[in-house]
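Work through these short exercises on charged side chains. Try each task before reading its solution.

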Amino acid sequence: MRIILLGPPGSGKGTQAQLLVQRYGIVQLSTGEMLRAAVAAGTPVGLKAKEIMASGGLVPDDVVVGIISDRIDQPDARNGFILDGFPRTVPQAEALDELLKHKHLKLDAVIELRVNESALLSRVETRVAQMRERGEEVRLDDTPEVLTKRLASYRSQTEPLIHYYSERRKLSTIDGMMAIDEVTRAIHRQLLALGAVEPKSHGKPHARSAAKAAPAKKAKAGKKSAKKPSKATKKPAKSAKTAKKAAKKTVKKAAKKTVKKAAKNGAKKAAKKVTKKRAKR
Ligand code: AMP
């Protein structure tokens, strides 16, 4: 499964992406995370991106398209991926279409998380507070001033993607103001409706992420047996008792019927005898 999560900063893309990773055993490809790692490692890409990111601007399209193209080729992305924070511009979306076509891959869905802008600042403030609590380094661009700029760039450069994907019948919009698990459920329902996931994946962590070391074949076999219980295990112990009772009732009924029939037959025979006797006379 290959999906895109679309939404402004603070809309919950990262949170939902992580939950979807657990559920479906696919990888999250976040350009923001990759760029932050590049900045931390001081790579040429990182050096290029550092200032732009700190000021809330967008890193050049060719840089992020290159990063994503390489990442999609990694073995762990073979099973599927969630794009979080990419594409962010129409040229990036066009480049993604091209590279997926080139790699013979299909995009299943684009999920837009729609949120009230007024809630975004407080959401980002909560994220900062939580990161501080966990002792994590706080993002340089998670300040009210930079957030305002990131929002402006979302509106002008990323929002046109809603039209882009809705024209291509790929877009599903979900209310991102709901509770986290409600949003996850809504995304799952949408993916089910689109046929991007199988019903059995509902509410359960993906077999591979639940048992990371399990070979693919075994995981498949396990899934199969989970889907179709054997006839012997289909009914719980309680219904065995009920079945016994029902069988007893049937036997009783059958016996009653036989007695009635016999009685009827007896009566018929007696009637015949009387008629014969009368005829003789
Ligand atoms: P994010 O973690 O998605 O909020 O991204 C953090 C920052 O990384 C953004 O504000 C941009 O500066 C940069 N960035 C991430 N993804 C992209 C992208 N697809 N195109 C351009 N810049 C990006």
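The exercises below deal with salt bridges and their surroundings.

This is a predicted model, in which local features need pLDDT of at least 70, side-chain atom pairs count only at pLDDT 80 or more, and totals for chains, interfaces and linings use all residues. Residues are numbered from 1 along each chain as its sequence is written, and side-chain values use heavy atoms, with hydrogens and water left out.

**Exercise 1.** State how many salt bridges the rule gives.

Solution. Start with the rule: a side-chain nitrogen of Lys or Arg lies within 4 Å of a carboxyl oxygen of Asp or Glu. Apply the rule. The count is 14 salt bridges.

**Exercise 2.** Describe the salt bridges of Arg-150 with Asp-141 and with Asp-142.

Solution. Take Asp-141: its closest N and O atoms with Arg-150 are 3.9 Å apart. Next, Asp-142: here the closest N and O atoms are 3.1 Å apart. Now check burial (under 20% relative accessible area; exposed is over 50%, partly exposed in between; 1.4 Å probe, protein chains only). Arg-150 and Asp-141 are buried. Asp-142 is buried too.

**Exercise 3.** Place the salt bridge between Asp-181 and Arg-185.

Solution. The closest N and O atoms are 3.9 Å apart. Both residues sit in helix H9 (residues 180-193). Helices are DSSP runs of H or I, at least four residues, numbered from the N terminus. Asp-181 and Arg-185 are four residues apart, so about one helical turn separates them. Asp-181 is partly exposed because its relative accessibility is 43%. Arg-185, at 37%, is also partly exposed. Elsewhere, shared partners link Arg-127, Arg-139, Asp-141, Asp-142 and Arg-150 into one salt-bridge network.

Conventions
Helices (H or I, at least four residues) and strands (E, at least two) are DSSP runs, numbered from the N terminus.
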